[in-house]
Amino acid sequence: MRERRPNQDYYDEFAAGYEKRRHHGYHALIDRLEIAATLPYASGARVLEAGCGTGLILKEVAPLARSAVGIDLSTGMLHTARKRGLRVVHGSVTDLPFGDAEFDLAYSFKVLAHVERIERAMGELMRVVRPGGHVIAEFYNPWSLRGLIKRWKPPTRISTATTDEAVYTRYDSLPAVRKLLPAELRIVDVRGVRIFTPFSAVHDVPLVGHAFAAAETRAASAPLLRHLGGFMVVTAEKR
């Protein structure tokens, strides 16, 4: 069994090279699709991003929001977010340092799949949102092309000393997600991110990358395809 590292240590080490390939191709597409799922709920709203990292999504959301704050476990990631002029604080999604019903929207991408105390995290996201507000939560889908590939691929190096298998990772199907959500949250939308892409490198190939990006964009909210996304974006309304 591989030794797992504390999430904070893992992401602090990841922080130095995190944005190396995130401004074009595959990673930029994933961010655009996640932002597209968020913006309809963020306009004019009090917004929290749980697990904001270096602020790549928060910087796009904040200008449209009434107020926006990010929280992250990694001080290394937060250092870059602060250099962008974003309002961010250090903390954990399982113990949010905010009051009840303080936000209209709380969202989290690329984070919940690495949280063992997932029920606690979902309870915290629900707690800080007002009744009638929304929680947008992204999960790793086991019944997706990405999920199948992840079962068989070798570890991916995130630094000179660490691979992506050094951190806890969970995969949750939509039925499992429904059971994880607090009773106060009602699912109102599901989107699929990364439905067709087998490997991120295909987006670096001229023409091929554009074709995959167009297909991913169209399929993200398509009724027959959205449940196949490697990243499953669930939007829930608080009763």
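Start with the whole chain on screen: among contacts between residues at least 6 apart in sequence, 72% join residues at least 24 apart. Keep in mind that this is a predicted model. The chain holds 8 helices and 7 strands, and 52% of its 239 residues count as buried. If you switch on a surface, about 11400 Å² is exposed, with carbon and sulfur atoms supplying 56% of that.

Now colour by pLDDT. The chain average is 91, and 90% of the residues score at least 70. Select residues 1-5 and you'll find pLDDT under 50 throughout, with 9 contacts beyond four places in sequence in the model. Where pLDDT is low, predicted coordinates should not be read in detail.

**The sheet**

Next, show the strands. They form an open sheet of 7, with mixed pairing, in the order β3-β2-β1-β4-β5-β7-β6. Go to the edges: β3 (88-90) and β6 (185-193) each pair on one side only. Look along the sheet, and neighbouring strands are turned by 20 degrees against each other on average, ignoring direction.

Stay at the β6 edge and add β7 (residues 231-238). These two strands pair in the antiparallel sense, over 8 bridges. For one spot to zoom in on, pick V190, whose bridge partner in β7 is V234.

**Two helices to pick out**

Select α2, residues 25-42. This helix lies across β1 (46-50), β4 (103-108), β5 (129-140), β6 and β7, and runs at about 150 degrees to β6.

Then go to α5, residues 118-127. Mostly covered, this helix has 7 of its 10 residues buried. To light them up, select I118, A121, M122, G123, E124, L125 and M126. What do the buried residues of α5 pack against? Show β1, β4, β5, α7 (174-180), β6 and β7, and you have their partners.

**The nonpolar cores**

With α5 still selected, turn to the largest nonpolar core. It has 31 residues, and those touching the most other members are L48, F98, L112, M122, L125, V128 and F139. At least two core residues come from each of β1, β2 (67-72), β4, α5, β5, α7, β6 and β7. The biggest contributor is α5, which gives 5 residues. Apart from this core lies another one, of 30 residues; V61, A81, I136 and A220 are among them.

Back in the largest core, centre on L48 and show its surroundings. Leaving out residues up to four places away in sequence, L48 touches V69, I71, L96, F98, F103, L105, A106, Y107 and V128. F98 and V128, like L48 itself, are on the list of residues that touch the most other core members.

**Two backbone oddities**

Finish in the loops. Between β3 and β4, select A101. Its phi is positive, about 55 degrees, although A101 is not a glycine. Is A101 buried, partly exposed or exposed? At 30% relative accessibility, A101 counts as partly exposed.

For the last stop, jump to R194, in the loop between β6 and α8 (208-219). R194 is another residue other than glycine with a positive phi, near 65 degrees. Is R194 buried or exposed? R194 has a relative accessible area of 9%, so it counts as buried.

Definitions and conventions: Residues numbered from 1 in each chain as written. Predicted model: local features only at pLDDT ≥ 70, side-chain atom pairs only at ≥ 80, totals over all residues. Heavy atoms only, no water. Pairing = 2+ DSSP bridges. Helix = DSSP H or I, 4+ residues; strand = E, 2+ residues; numbered from the N terminus. Axes fitted to C-alpha atoms, helices over the stretch in contact; angles between N-to-C directions. Contact = heavy atoms within 4.5 Å. Buried < 20%, exposed > 50% of the residue type's maximum accessible area, 1.4 Å probe, protein only. Areas by Shrake-Rupley, 256 points an atom, 1.4 Å probe, with all protein chains shown as cover. pLDDT = per-residue confidence, 0-100. Core = buried A, V, L, I, M, F, W, Y, C linked by side-chain atoms within 4.5 Å.
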